[in-house]
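Reader: Please take a close look at one part of this model, the largest nonpolar core, and set it within the chain as a whole. Which residues have the most contacts inside it, and which elements give two or more residues to it?

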Amino acid sequence: MLFSQSDEQKQKRLQKLQRRASKTGKKPKQLVHDLAGMTGYMTNLPEPVSGSQLVELYRLRWQIELNFKAMKSYLEIDHFRLVKQERWLCHFYATLLVFLLSQLFAYQIRNTIWEEEEKEISETIAIRSIACEFLAQMYEAIKQKKKTLLSFVPLITQLLIRSARKPNSAKGTALKRLQFT
C-alpha cells in the first residue's frame, strides 16, 4: 500500500534529507527526493484491512520492536554465560520482570507528565532510566526501610522531565494515537 503525505510532511522529510546530506557529505539520489511525499507498506494481510488499520498495526509492531531493543540494549538479555538451564531461566525471568516493572512505571509516569504538563516523554529513555538507575536504588531503600515506593515517584518524574522529554510533543502520548477508531 502506498500513501501520499501532505505537502507539510513532504517538506519535513526533504529538510531531514538535507540535514543528513550536509552531515554525511553524500547527496541523496533523485528517486529519494521524488518519493519523499510517499509512505509505503508491504503486507500479506487479507484485503479487508483498511489503510488506516494497516498503519496502526505497523505502529504497534514498531512498539514491540522497541521493546525487544530495550531488553537487548539496556538489560542485555541477549548476553549470557554458559550455566545450567534452570539458572539461565531464573535470570531471564528476573530480567523480564525488571523490564515489565520498568515499563509499568514508565507508562504511569509518562501519562501523568502528559496530563499535568503536556510534555511527552520518550518511552525507551524512561524504561532505561528506571531499569538501570532507579529499581536497584528503590529496592535497597525499601529493604532498609528508609523510603517508601511513593517517595521515589517525584524523583523519577523530575529525572524523566529533564532527560527524556521529546521535542515538539504536541500530539499526545503514543497510546492515544495507536487506538483504533
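Author: The account below moves from the whole chain to the core and then to a loop beside it.

This is a predicted model, in which local features need pLDDT of at least 70 and side-chain atom pairs count only at pLDDT 80 or more, while totals for chains, interfaces and linings use all residues. Residues are numbered from 1 along each chain as its sequence is written, and side-chain values use heavy atoms, with hydrogens and water left out.

The chain holds seven helices and two strands; helices (H or I, at least four residues) and strands (E, at least two) are DSSP runs, numbered from the N terminus. Their order from the N terminus is β-α-α-β-α-α-α-α-α. The radius of gyration, taken over C-alpha atoms, is 21 Å, whereas a compact globule of 181 residues would have a value near 16 Å; the globule rule is 2.2 Å times the number of residues to the power 0.38. The C-alpha trace spans about 60 × 45 × 45 Å along its principal axes. Of the 181 residues, 29% count as buried, that is, under 20% relative accessible area, with exposed meaning over 50% and partly exposed in between (1.4 Å probe, protein chains only).

A nonpolar core is a set of buried Ala, Val, Leu, Ile, Met, Phe, Trp, Tyr and Cys residues joined through side-chain atoms within 4.5 Å. The largest such core has 23 residues, and Ile156 and Leu160 have the most contacts inside it. Two or more residues come from each of helix H3 (51-73), helix H4 (85-117), helix H5 (123-143) and helix H6 (153-163). H5 gives the largest share of this core, eight residues. In soluble globular proteins, nonpolar side chains tend to be buried together.

Within H6, the residues Ile156, Thr157, Leu159, Leu160 and Ile161 are buried. H4 and H5 are among what covers the buried residues of H6. Leaving aside neighbours within four places in sequence, Leu160 is in contact (heavy atoms within 4.5 Å) with Ile109, Ile113, Ile121, Ala126, Ser129, Ile130 and Arg165.

The loop between H4 and H5 contains Glu118. Glu118 has a phi near 55°, a positive value in a residue other than glycine. In contrast to the buried residues of H6, Glu118 is exposed, with a relative accessible area of 57%.
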